[in-house]
Amino acid sequence: MVIRRLAALLAVLAVVLAACGGTGTASGSASEPASSGGGGGTTDCTVAVSWNNFQQPRWAAADEPNIKQVVEDAGGTYISADADLSSEQQLTDVSNLIGQGADVLILLAQDQNAVLPALQEAKDAGIPVIAYDRLIEDPDILYITFNNVGVGEAQAAAVLEAVPEGNYVLIKGDPGDPNASTFLPQGWDDAGLKEKVDAGDITILNGPEGGSGEWPADYGTYTDAWDTQTAQENMEAIIDAANADDVTIDAILAENDSTALGVVAALEAKSYGYPPLSGQDGDPANLNNVALGKQYVDVWKNANELGKAAGQAAIQMCQGTAMADVSIDIESSVAPTDGNSPTDFETPGGNTVKSLILQPTPLTAEDLDVVLSAGWYAGKDEICAGVTESDPGWDDCQ
Amino acid sequence: MANVADTAPVPGESRTASTATRMREMLSATEVDVRLFGMLVALAAILIGFQLLDSGFFSPGNMVTLAVQAIPVAILATGMVLVIVSRNIDLSVGSLTGIIAMTYAMLMTDWLPNILGLGVDFPFRWLIALVIGIAVGATFGAVQGFIIAYIGVPSFVVTLGGLLSIRGAIWYFSNGAAVTRLDPTFQLIGGGARGSIGELLTWGIGLLGCAFVIFALWNGRRQRRRFGFPLRPMWAEVTIGVLGCAAMLGLAAFANGNYLPAGLATQYAQERGIVEPPGGLKVPAGFPLPVILLIAVTVVMTWIATRRRFGRYVYAYGGNPDAAELAGINTRRTILLTFVIMGILAALSAAVVAARLNGATLDIGNSYELYVIAAAVVGGTSFAGGIGTIPGAVLGAFVMQALSYGLSFIGVNSPGQNVVAGIVLILAVAFDTWNRRRAAR
């Protein structure tokens, strides 16, 4: 009896909750449109951001607060939506944001092709679009990003300097992401990886069977969805294979931090020691590994500055500045090498877009003070956790 | 084991039979579970296949890695058998594993020291965390089980809801950031070079296994005689005893062929004042701790499933829900308990994953539900209910992981691994269906 009554109660609760959820969405989509069109004073400028996900910590912790602050300091309004890694959701989000009266749209695309209908909708409404961090193939956008090829170059340059010759392992990201398959390996080659492989100074341990394959596509191990556990299991198998062949692993190029974290876990499980290892993103756990000497270099994209750049560009376009005349003012070490106004960028798809391409910062244990003093969301307590005098990050952690 | 007895051949019919039939009869006289035996053969075939492709494959160290990688899914699969046998499904196991792994990481890095004031030096932090994790798992399992058993919402729907909402909830612990640096003692649960039990204990476990096989055979024979059941021929008893014993000791010897990595061996030598011989000291590492955990889980779960009233109820309900209900079985409580067990197992699995990673990320346990269901199904669990064994599911997990580890060892990328895993899943079940239909004819 008691149980049946409890069950009834739970059922009622469920219905009520469902009803609440329903009204919640309804009120969200029904919000009235604010002022529209370009020009106008700063006070009624609405900057809308469509995020593809908040799963990775950086978007909510670094990018968003900086865009928001720049917009609100200029008297504008910040609105946003998070598509939770769904291209379909992102289309709905963009419609809703336009409906809520966006004057400028900042778009972090989940998929550069799937997002095109949303882009068209914004263009039809006369709203300028900033492609944030990821490229969208369309000539009318402003592309604000870090130099992704440069990230790869910085990774390889640091590791190649530490280990000029020997056996390398390449840990790549998701095979469907052009960063993983094209841009980052291109950067590795710019730093001289291909030359050294051709010269025989460097051997890729996880290359294709028999050594005959296409460079760089067939070399290295891809990691579905950049998943840490997958990277760990792959790396364990690579270590086992190297031990079976009686060769040592001298260095590892991992494309980003989630895969580098898996690599460190595998090295730890095998007590292999820590050959120089690269990463990218500046995640707290990885910066901690840099301080502890478990990861050699982390190429950091200071997303605080990327957010500021996008916020400044959005406000200026809102005030009627033409896309080509926008001028940003950010930390000089990451500012574009081509100056603070947009330059032309040839996309892989053959379009010419206006772009602001920021410079990444390679961080080894000696450079940790840079990130510690930059107001990065990873604080000193996280980056320096457990660092002792014998660890390479000790000096900067003092 | 006893349910195979009725298929024993009638003596006298086999006079004119071919060699193949006679082989089959001898096999059935030993009353070996043919399905389980077939799985072992399949696993061996996979391992031999990879060994042919790469001669460095089949070494103790590599097999230990493979085993440890299979363990999180294998632990969950033992519980999934009971859930599927009772005609339900649990899609939330991956998310549950993820949230408990994140709970362990947050407990050890933040909650224990900062909220409860238990600093790094506090003893048994790993045990406190483990107990809390098990409590969390059991609670989630109980809530889902209650809604399924007492309110009557289909388990597919409830656990699908669990899959989504629990996965989403993980984000709020750390705002998506990876949380690392667990308690050093806790890390031992994940195995690795330090988390192994050493040479002597490994031999001890091998001997214990051997003694268990002999005891089980002797006890089975005694019981059969007591109740007047047909006895197995003596040659079959001896063969099983010798092979079983040899397998246990062989496994122990094999695990002891896995040596500590050079760095740790040097440390070991220094601590004990041993002078290292040229070429380094060879210190046998033995079974890693998670393997011991899996053995314990498998034994306990098999005992629950085959020897406890609850376990028999699960199979009775799965075979015929109405009959079970009419026979007076408290079916609702039985179903609820299967989900509580699933939650507890998720906590154990999460402990292994988190310890191995020395932390937790947002994506721990992603798509585990699929691997776990695949392991149970490859291991012979039927979606029609009532059929499935726990050792079978564990073997299923090893078959799937052997493929994925082997492919990754010879350098095939994860999309390729997924293609193979999917095909093997379908083939395994197709073969099983064909085999059963043939047996029924």
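1. In this predicted model, helix α4 (residues 93-115) of chain B and helix α15 (residues 368-378) of chain B have axes that come within 6 Å and cross at roughly 125 degrees. That angle falls neither under 35 nor over 145 degrees, and it is outside the range of 65 to 115; α4(B) and α15(B) are therefore oblique to each other. On the α4(B) side the contact is made by B:V93, B:G94 and B:T97, and on the α15(B) side by B:Y368, B:E369 and B:V372. By class, this contact has 3 nonpolar, 2 polar and 1 charged residues.

2. A second local point in chain B is B:F156, which lies in helix α6 (residues 155-174) of chain B. Is B:F156 buried or exposed? Neither term applies: burial would need 20 or more C-beta neighbours within 10 Å, and exposure 12 or fewer. B:F156 has 13 inside 10 Å, so this residue counts as partly exposed. Leaving out residues up to four places away in sequence, B:F156 touches B:I89 and B:L91. Its C-alpha atom is separated by 7.3 Å from that of B:N88, although B:F156 and B:N88 are 68 residues apart along the chain.

3. Next, the interface. Contact between the chains involves 37 residues of chain B and 46 residues of chain A. On the chain B side, the elements that give two or more residues are α3 (60-85), α5 (125-151), α10 (262-271), α14 (331-357), α16 (390-409) and α17 (414-440) of chain B. The largest share of that side comes from α3(B), with 4 residues. The residues of chain B that touch chain A divide into 15 nonpolar, 19 polar and 3 charged.

4. In chain A, strands β9, β10 and β13 form an open sheet of 3 strands, in the order β9-β10-β13 and with mixed pairing. Strands β9 (278-280) and β13 (361-363) of chain A are the edges, each pairing on one side only. From one strand to the next the twist averages 25 degrees. β9(A) pairs with strand β10 (residues 297-300) of chain A in the parallel sense, over 3 bridges. A:Q280 has A:V299 of β10(A) as its bridge partner. Helix α5 (residues 148-162) of chain A packs on this sheet and touches β9, β10 and β13 of chain A. The direction of α5(A) makes about 160 degrees with that of β10(A).

5. Elsewhere in chain A, strand β3 (residues 104-107) is covered on both faces. A:V104 and A:I106 lie on one side, A:L105 and A:L107 on the other, and all four are buried. What are the pairing partners of β3(A)? They include strand β1 (residues 46-51) of chain A, which pairs with β3(A) in the parallel sense over 4 bridges, and strand β4 (residues 129-132) of chain A, also parallel, over 3 bridges.

6. A:L105 appears in both of these pairings: A:L105 is the bridge partner of A:A48, and A:L105 stands opposite A:V129 in β4(A). The link between β3(A) and β4(A) deserves a separate remark. Together with helix α4 (residues 116-124) of chain A, these two strands make a right-handed β-α-β unit.

Conventions:
Residues numbered from 1 in each chain as written. Chains lettered and ligands numbered in written order. Predicted model: local features only at pLDDT ≥ 70, side-chain atom pairs only at ≥ 80, totals over all residues. Contact = placed C-beta atoms within 7 Å. Nonpolar A, V, L, I, M, F, W, Y, C, P; charged D, E, K, R; others polar. Axes fitted to C-alpha atoms, helices over the stretch in contact; angles between N-to-C directions. Pairing = 2+ DSSP bridges. Right-handed = clockwise from strand over helix to strand, strands pointing away.
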